[in-house]
2 protein chains.
Amino acid sequence: MNTIFIIGVGLIGGSFALDIKKLHPESTIFGIDNNEAHLDEAIELKIIDQKAKFEDLEKADLVILAIPVDATLTILPKVLDHVSDNAIVFDAGSTKEDICFSVKNHPKRRNYLAVHPIAGTEHSGPKAAIHNLYKSKTNIICEVEDTAFKLQERALELFSELGMRIRYMNPKAHDKHIAYVSHLSHISAFMLGKTVIDKERNERDIFDMAGSGFESTVRLAKSSPAMWAPIFKQNKTNVIETLDEYISNLKHFKTLMEDGDFDAVFEEMETTNHIKDILNGIQ
Amino acid sequence: MNTIFIIGVGLIGGSFALDIKKLHPESTIFGIDNNEAHLDEAIELKIIDQKAKFEDLEKADLVILAIPVDATLTILPKVLDHVSDNAIVFDAGSTKEDICFSVKNHPKRRNYLAVHPIAGTEHSGPKAAIHNLYKSKTNIICEVEDTAFKLQERALELFSELGMRIRYMNPKAHDKHIAYVSHLSHISAFMLGKTVIDKERNERDIFDMAGSGFESTVRLAKSSPAMWAPIFKQNKTNVIETLDEYISNLKHFKTLMEDGDFDAVFEEMETTNHIKDILNGIQ
């Protein structure tokens, strides 16, 4: 794997580039991005070696797509059009069903591996790229059987070098579950941020009274809207379902409070406290 | 300040004890707690020097109440009954209006300072106590003018030694604002945890797919229900108001998604992104 293309040189793509270069100093890392300033920044930060164009993809050994999921729907088929039979192409999108569907009948479908690394921060752009972002993180692979065996192997070897744990799922199940453990968290944080900002016009009050608990709960509201709006669009049905359930749980909690049933309020929290054990498993 | 009483030797009280002992090694720290096991644990962890009883409070220079806010309503007047004229008593409760009201006409009202240190973690009990919990944290003081000047001074000197930033507010404003930046975050996290646990009966799926974003957003759902149910009870009106607004914002977001108006979804997030700057101020 000497010739590597990163399409989208932000947090996700850039972090792949940094680790790959460290693992394989002999490789050349090319960057493609519709944001010229990001490409220049990525070169300056030594995230990529050179800028490139889609036409250059024919020489790629590996192509990583790390762009908003709506762009992936059009760019992924285009990438497959350009790559050679020996290239492995994977994306890193937070949705999988529509993306897999977009290349279902592509003649080079077997060059593509559908991937979702559960890793990231609330920051974005080339400057957000960091080493070891993927270390010990879960990597969900969908429709593995539709990828050529030799190419699967090459991608898995890279994921292993990066220290990732692999889980195989079908795209439908992926999109359904990820709506709960990732997409809903983002909406929850964004709307919490909105609620507080709307109320506290005098930001000094937020600044002074907010503690680390608020900071932690609202952290994801710093995330990139350009990345997240397309995710919500593609996973609309599942995300709306999670929102329905979340809103219904909040309403129930509110009703218990209105009724003055604070034993039941206690019970609600006590039952959910059990999340400690689940989260201990994550870390 | 040689004789210090900590009532409630958990995360908050224990952390005060640890720092005070370090700053004033000559002091003796007494612990009062209705949980005998916690007192033993606190002695073993060198958080307190000795167990004590309410009758011993007459020798106190300083008394810190760090117990659930419903218990504070009955224990605080009782503490004031016992202390000498020279003792300063402060609580650390997350609500202030009812607590201030509970001692409004107490003959020793001037021995009490109403305090809310904006500090904590999602853990609880003596084992959760840590050094420097209060360093660089905001400390909200209410009705400062109702505390004897010399005693105010003594408490402020301690807060200064602990590295805290002081803000003065009236109890009503405190309870209203804190509902937004603290109480609502907790409900948001608890209900997010509940929504995901309810859905994902197979916890292995949560474990494998959840990333640091989910972990961060749901962190407060590990908090102690025994501490939080009474806070919600005491701040019922304000908390219900925040929940109404939060639910309304979530519903609006859902409607935008149902209508397929993802430009508006983008806008919602873009506007709230501005929270970055506010949060940068916190850290």
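**Stop 1: the interface between the chains**

Color chain A and chain B separately. About 8,900 Å² is buried between chain B and chain A. Carbon and sulfur atoms give 69% of that area. Keep in mind that this is a predicted model.

Now select the contacting residues. On chain B there are 90, and they touch 90 residues of chain A. Every interface residue of chain B (100%) is also an interface residue in chain A, so the copies meet through the same surface.

**Stop 2: polar links across the interface**

Show side chains at the chain boundary. Eight salt bridges run between chain B and chain A. Residue pairs in polar contact between the two chains number 24, with both partners at pLDDT 80 or more.

Which element of chain B should you select next, as the largest contributor to the side that touches chain A? Pick helix H6 of chain B, residues 171–199. Helix H6 supplies 20 residues to that side. Color the touching side of chain B by residue class: 42 residues are nonpolar, 23 are polar and 25 are charged.

**Stop 3: two bridges that involve Lys199**

Select B:Glu241 and A:Lys199. These residues form a salt bridge, with the closest N and O atoms 3.1 Å apart.

Next, select A:Glu245 and B:Lys199. Their side chains meet in a salt bridge too, at 3.7 Å from N to O. This pair crosses between chains: A:Glu245 sits in helix H10 (residues 236–258) of chain A, and B:Lys199 in helix H6 of chain B. For the wider view, a search over all chains of the structure finds 32 salt bridges.

**Stop 4: the rotation axis**

Superpose chain B on chain A. The fit takes a rotation of 180 degrees, with 0.0 Å of shift along the axis and an RMSD of 0.0 Å. The two copies are thus related as by a two-fold rotation axis.

Which residue of chain B comes closest to the rotation axis? Center on B:Thr217, whose C-alpha lies 2.1 Å from the axis.

**Stop 5: two domains in chain A**

Hide chain B. Color residues 3–169 of chain A as domain 1 and residues 174–282 as domain 2. The domain centres, taken over C-alpha atoms, are 30 Å apart.

Select the boundary between the domains. Here 18 residues of domain 1 are in contact with 17 residues of domain 2. The two domains of chain A bury about 1,400 Å² between them, 61% of it on carbon and sulfur atoms. Pick out A:Ser94, A:Thr95 and A:Glu122: together they supply 39% of the area that domain 1 buries against domain 2, more than any other three residues.

How many salt bridges join domain 1 and domain 2 of chain A? The count is two. Zoom in on A:Glu122 again, with A:Arg219. Their side chains meet in a salt bridge at 2.6 Å, N to O. Seven residue pairs are in polar contact between these domains, both partners at pLDDT 80 or more.

Now show secondary structure on the side of domain 1 that touches domain 2. Helix H3 (69–82), helix H4 (97–102) and strand S7 (138–142) of chain A each give two or more residues to that side. By class, the side divides into nine nonpolar, four polar and five charged residues.

**Stop 6: the ends of helix H2**

Finish at helix H2 of chain A, residues 36–44. At its start, a side-chain oxygen of A:Asn35 comes within 3.1 Å of the backbone nitrogen of A:Ala37. Then step to A:Lys46, just after helix H2 of chain A. A:Lys46 takes a positive phi of about 60 degrees.

Terms used:
Residues numbered from 1 in each chain as written. Chains lettered and ligands numbered in written order. Predicted model: local features only at pLDDT ≥ 70, side-chain atom pairs only at ≥ 80, totals over all residues. Heavy atoms only, no water. Domains from an automatic or database assignment. Contact = heavy atoms within 4.5 Å. Buried area = accessible area lost by both parts, 1.4 Å probe. Salt bridge = Lys/Arg side-chain N within 4 Å of Asp/Glu carboxyl O. Polar contact = N/O pair within 3.5 Å; in protein donor to acceptor, adjacent residues only side chain to side chain. Helix = DSSP H or I, 4+ residues; strand = E, 2+ residues; numbered from the N terminus. Nonpolar A, V, L, I, M, F, W, Y, C, P; charged D, E, K, R; others polar. Least-squares fit on C-alpha atoms with pLDDT ≥ 70 in both.
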